Structures are given as structure tokens and as C-alpha cells.
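Please look through the sequence and the structure below before reading on. The report that follows takes up a few topics in turn, under short headings.

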Amino acid sequence: MPRYEFRCRACGDTFEINRPMAEASAPASCPQGHDDTVKLLSAVSVTGRGGSASGGPVSPAGGGCCGGACGC
């Protein structure tokens, strides 16, 4: 289930709520009971550059932003 981060405009508290995506835009009250909250935009970074199963270095597989030409 997705986790959404909110900030209370009244007290400044930042808190997280787990809820289904269907309820992503539903209002949330802060733990202090204030209703004036705003959902924060969270950035997630996922990388696939781990070691190989044998523990050796991984050769570039292409992909990335330009199909592997820039080495990203």
C-alpha cells in the first residue's frame, strides 16, 4: 500500500499515512488533530546497478536516459 507524506500548516508537523491509491487525494488530519494539511511530493529513486550474482563487476547493459550511450 502506498505511503503518502503530509505537512500540517497549523503546527508544521510532517507525518506519513498508508492508504490505497484510490484515496490518495483524500484529506488527512495531522496527529495533533489539525485539518489544514497539504500532501507533499515525494521523490523516489530506484537503481539497478548492483553487483552480479557471482560478486564480480557488472558490465553496462544499456538503457538509462539515452539507451546507454552516455554511460548512465
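Which residues make up the largest nonpolar core?

## The nonpolar core

The largest nonpolar core is made up of seven residues, namely Tyr4, Phe6, Cys8, Phe15, Ala24, Ala28 and Cys30. Strand β1 supplies the largest share of this core, three residues. A nonpolar core here is a set of buried Ala, Val, Leu, Ile, Met, Phe, Trp, Tyr and Cys residues joined through side-chain atoms within 4.5 Å, where buried means under 20% relative accessible area, with a 1.4 Å probe and protein chains only.

Leaving aside residues up to four places away in sequence, Phe6 touches several others, among them Phe15, Ile17, Ala28 and Val38 (contact means heavy atoms within 4.5 Å).

## The sheet

Three strands (DSSP runs of E, at least two residues, numbered from the N terminus) form an open antiparallel sheet in the order β2-β1-β3. Because β2 (14–18) and β3 (37–39) stand at the edges with a single partner strand each, one side of each is left without a neighbour in the sheet.

Strand β1, residues 3–8, pairs with β2 in the antiparallel sense over five bridges (pairing requires that DSSP finds at least two bridges between two strands). Within this pairing, Arg7 has Thr14 as its bridge partner in β2, while Tyr4 stands opposite Ile17. The two strands β1 and β2 form a hairpin with five residues between them, and Gly12 in the turn has a positive phi of about 85°.

## How the values were obtained

This is a predicted model, in which local features need pLDDT of at least 70 and side-chain atom pairs count only at pLDDT 80 or more, whereas totals for chains, interfaces and linings use all residues. Residues are numbered from 1 along each chain as its sequence is written, and side-chain values use heavy atoms, with hydrogens and water left out.

Key: Helix = DSSP H or I, 4+ residues; strand = E, 2+ residues; numbered from the N terminus. Buried < 20%, exposed > 50% of the residue type's maximum accessible area, 1.4 Å probe, protein only.
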